[in-house]
Amino acid sequence: MEGEIKAQVVEETIENLKRIEVGGETMQYIIERLGMNDQMLRQLVLSNPQSDTYDLLEEHISINDKELKSLLINFLKKEL
């Protein structure tokens, strides 16, 4: 019986999230509040094609490189 109740609560929760049209940032916040960020990252990385993981890693590095360059340029402008 306990498993059936849990499954019902899970389905109701999913329907509520759909009803409020939860976005990606809100979903991330929920996952973080549940303390499941690392677990979800691992599950998603391991369950998706490697090419998806590589693409996201490239994007992450590219964004960080742009931020780092911007910080460096601003620092150099202050020094000159």
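Is Lys 18 buried or exposed? Lys 18 is exposed, with a relative accessible area of 56%. Keep in mind that everything here comes from a predicted model.

**The salt bridge in H1**

Lys 18 has a partner: its side chain meets that of Glu 15 in a salt bridge, at 4.0 Å from N to O. If you're after charge pairs, that's the whole haul, since a search of the entire structure turns up 1 salt bridge. Both residues sit in helix H1, and because they are 3 residues apart there, about one helical turn separates them. Glu 15 is partly exposed, with a relative accessible area of 44%.

**A backbone oddity after H1**

Moving along the chain, the loop between helix H1 (2-19) and H2 holds Glu 21. Its phi is near 50°, a positive value in a residue other than glycine. Why give that a second look? Because most residues other than glycine have a negative phi. As for its surroundings, Glu 21 is exposed, with a relative accessible area of 69%.

**Two pockets**

Now for the pockets. Here is how the top two line up:

| Pocket | Volume | Lining by class | Top contributor |
|---|---|---|---|
| Largest | about 210 Å³ | 5 nonpolar, 2 polar, 1 charged | H4, 4 residues |
| Second largest | about 180 Å³ | 4 nonpolar, 2 polar, no charged | H3, 4 residues |

Who lines the largest pocket? The residues are Leu 41, Leu 44, Val 45, Asn 48, Asp 52, Thr 53, Leu 56 and Leu 57. Helices H3 and H4 (50-79) each bring at least two residues to that lining, with H4 giving the most. Asp 52 is the charged one in the mix, because Asp counts as charged and Asn and Thr as polar.

The second largest pocket is lined by Gln 28, Ile 31, Asn 37, Met 40, Leu 41 and Leu 44. The elements giving two or more residues to this lining are helix H2 (24-33) and H3. Here H3 gives the most, with 4 residues, and the lining has no charged residues.

Put the two lists side by side and some names come up twice: Leu 41 and Leu 44 appear in the lining of the largest pocket and again in that of the second largest. H3 likewise has a hand in both, supplying at least two residues to the largest pocket's lining and 4 to the second largest's.

**The nonpolar patch**

Which residues make the nonpolar surface patch? Leu 41, Val 45 and Leu 46 do, and the patch covers about 290 Å². Val 45 lies in helix H3, which runs over residues 37-47. Val 45 is partly exposed, with a relative accessible area of 35%, so it clears the patch cut-off of over 30%. This valine also shows up in the lining of the largest pocket, as does Leu 41. Leu 41 therefore ties the themes together: it belongs to the patch, to the largest pocket's lining and to the lining of the second largest pocket.

How values were computed
Residues are numbered from 1 along each chain as its sequence is written. This is a predicted model: local features need pLDDT of at least 70, side-chain atom pairs count only at pLDDT 80 or more; totals for chains, interfaces and linings use all residues. Side-chain values use heavy atoms; hydrogens and water are left out. Patches are made of residues with over 30% relative accessible area and no salt bridge: like charges are joined within 9 Å, nonpolar side chains (Val, Leu, Ile, Met, Phe, Trp, Tyr) within 5 Å. Accessible areas come from the Shrake-Rupley method with a 1.4 Å probe; for residues, only the protein chains shown count as cover. Buried means under 20% relative accessible area, exposed over 50%, partly exposed in between (1.4 Å probe, protein chains only). On a 1 Å grid over the protein atoms alone, a cavity is a set of points where a 1.4 Å probe fits but cannot get out, and a pocket is an open set with protein on both sides within 12 Å along at least five of seven lines; lining residues have an atom within 4 Å of a point. Grid points are joined across faces, edges and corners, and a volume is the space filled by probe spheres set on the points.
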